[in-house]
Amino acid sequence: LRHFYLILITIIALILGSLPVQAKKITLQTVEPQVKKYIMNHYQKLYDSKIEVTCGRISGIPFDVADGNIEIRLNGSIRDDFVERTIVRVSVYVDGKFQRSFGVPVTLAMYEDVWVATQPIQRDDSISLNNVKISRRDITKIALTAAKSSNDLSNTRVLKTFKTGDILDHR
């Protein structure tokens with residue numbers, strides 16, 4: 001009789017184990033739009049520039065969660081000073097129950113219309129419309145010092161040498 005129960009329990013376990021379980025996959029495509037929107041909303045309040053957000057690879061993704069109401073929550077704060085790389089904490093909940101948390105590596109780029117040298121400009125030379133033009137450029141690494149198109153550069157002398165194509169800056 002004892003063997004009968006063991007065999008019966010084994011058969012039931014095999015049947016239950018073979019039943020399909022409804023599950024949903026969490027992929028980068030599931031969380032990426034929300035991460036991008038989160039970052040864009042933050043920086044667009046602070047900067048007038050065009051911000052480009054790229055999400056990196058995430059270890060452990062994709063993964064399955066039980067079928068139900070999936071909620072993606074973004075945790076933590078983003079620095080106000082513009083940084084090229086950051087990590088956004090993401091938590092996944094199903095029907096209000098915590099499932100998993102992970103970090104999404106994010107690379108940021110900032111583009112703006114800036115003054116660019118059209119020819120070499122030597123130290124102490126004056127800036128004129130003959131030696132600069134406005135061009136949309138990636139200013140990620142020099143966001144705070146780049147001479148933006150809104151800056152009036154008339155009657156300005158440069159403090160350092162600029163090569164053709166260099167973005168003028170305030171250093």
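Here is a short exchange about a predicted model and the reasons behind the words used for it.

Reader: What elements does the chain have, and in which order?

Author: The chain has 2 helices and 7 strands. From the N terminus on, they run α-β-α-β-β-β-β-β-β.

Reader: How do you know that the chain is not a compact globule?

Author: Take the radius of gyration. A compact globule of 171 residues would come out near 16 Å, but the chain has 27 Å. The spans of the C-alpha trace are about 100 × 25 × 20 Å along the principal axes.

Reader: How much of the chain is buried, and how much area does the chain expose?

Author: Buried residues make up 33% of the 171 residues. The chain exposes about 11,300 Å², with 52% supplied by carbon and sulfur atoms.

Reader: What share of the contacts with a separation of 6 or more joins residues 24 or more positions apart?

Author: That share is 67%.

Reader: How many aromatic pairs are there, and why is the one between tyrosine 43 and tyrosine 47 called tilted?

Author: The search of the whole structure finds 5. In the pair of tyrosine 43 and tyrosine 47, the centres are 6.1 Å apart and the planes are at 45 degrees. The cut-off for a pair is 6.5 Å, and tilted covers angles that are neither under 30 nor over 60 degrees. Both tests are met, so the pair is tilted.

Reader: Why is the pair of tyrosine 47 and phenylalanine 82 called edge-to-face?

Author: The planes of tyrosine 47 and phenylalanine 82 stand at 80 degrees, and the ring centres are 6.0 Å apart. Edge-to-face needs over 60 degrees, with centres within 6.5 Å. Therefore the pair is edge-to-face.

Reader: Which parts of the chain does that pair link?

Author: Distant ones, 35 residues apart. Tyrosine 47 is in the loop between α2 (28-46) and β2 (50-55). Phenylalanine 82 is in the loop between β4 (70-75) and β5 (85-94). Tyr43, Tyr47 and Phe82 form one aromatic cluster.

Reader: What makes tyrosine 47 and phenylalanine 82 count as buried?

Author: Buried means under 20% relative accessible area. Tyrosine 47 has 17%, so it counts as buried. Phenylalanine 82 has 13%, so it counts as buried too. Tyrosine 43 is also buried.

Reader: How do you know that arginine 73 lies over the face of tyrosine 93?

Author: Arginine 73 is at 3.7 Å from the ring centre of tyrosine 93. The distance limit is 6 Å, and the charge must also be within 35 degrees of the ring normal. The distance passes, and arginine 73 is listed as lying over the face.

Reader: Over which ring does the charged end of arginine 100 sit?

Author: Over the ring of phenylalanine 63, 4.2 Å from its centre.

Reader: Why is serine 91 called buried, and what does its side chain meet?

Author: Serine 91 is in strand β5. Its relative accessible area is 3%, and the limit is 20%, so serine 91 is buried. The side chain of serine 91 makes a polar contact of 2.9 Å with the side chain of asparagine 75. Polar contacts are N or O pairs within 3.5 Å. Beyond its neighbours within four places in sequence, serine 91 is in contact with residues including Glu71, Arg73, Phe98 and Arg100.

Reader: Why is phenylalanine 98 called partly exposed?

Author: Phenylalanine 98 has 46% relative accessibility. Partly exposed lies between 20% and 50%, so the term fits phenylalanine 98. Its place is in strand β6. Not counting residues up to four places away in sequence, phenylalanine 98 touches Ser91, Val92 and Tyr93.

Reader: What makes asparagine 131 buried, and where is it found?

Author: Asparagine 131 is in the loop between β6 (97-117) and β7 (132-138). Its relative accessible area is 6%, under the 20% limit, so asparagine 131 is buried. A polar atom of its side chain lies 3.1 Å from the backbone oxygen of serine 126. Leaving aside neighbours within four places in sequence, the contacts of asparagine 131 include Val116, Thr118 and Ile121.

Reader: What is notable in the phi of aspartate 95 and of aspartate 124?

Author: Aspartate 95 has a positive phi of about 50 degrees although it is not a glycine. Aspartate 95 is in the loop between β5 and β6. Aspartate 124 also has a positive phi, about 75 degrees, and is not a glycine. Aspartate 124 lies in the loop between β6 and β7. At 45% relative accessibility, aspartate 124 falls between 20% and 50%, so it counts as partly exposed.

Notes. Residues numbered from 1 in each chain as written. Predicted model: local features only at pLDDT ≥ 70, side-chain atom pairs only at ≥ 80, totals over all residues. Heavy atoms only, no water. Buried < 20%, exposed > 50% of the residue type's maximum accessible area, 1.4 Å probe, protein only. Helix = DSSP H or I, 4+ residues; strand = E, 2+ residues; numbered from the N terminus. Polar contact = N/O pair within 3.5 Å; in protein donor to acceptor, adjacent residues only side chain to side chain. Contact = heavy atoms within 4.5 Å. Rg over C-alpha atoms; globule rule 2.2 N^0.38 Å. Areas by Shrake-Rupley, 256 points an atom, 1.4 Å probe, with all protein chains shown as cover.
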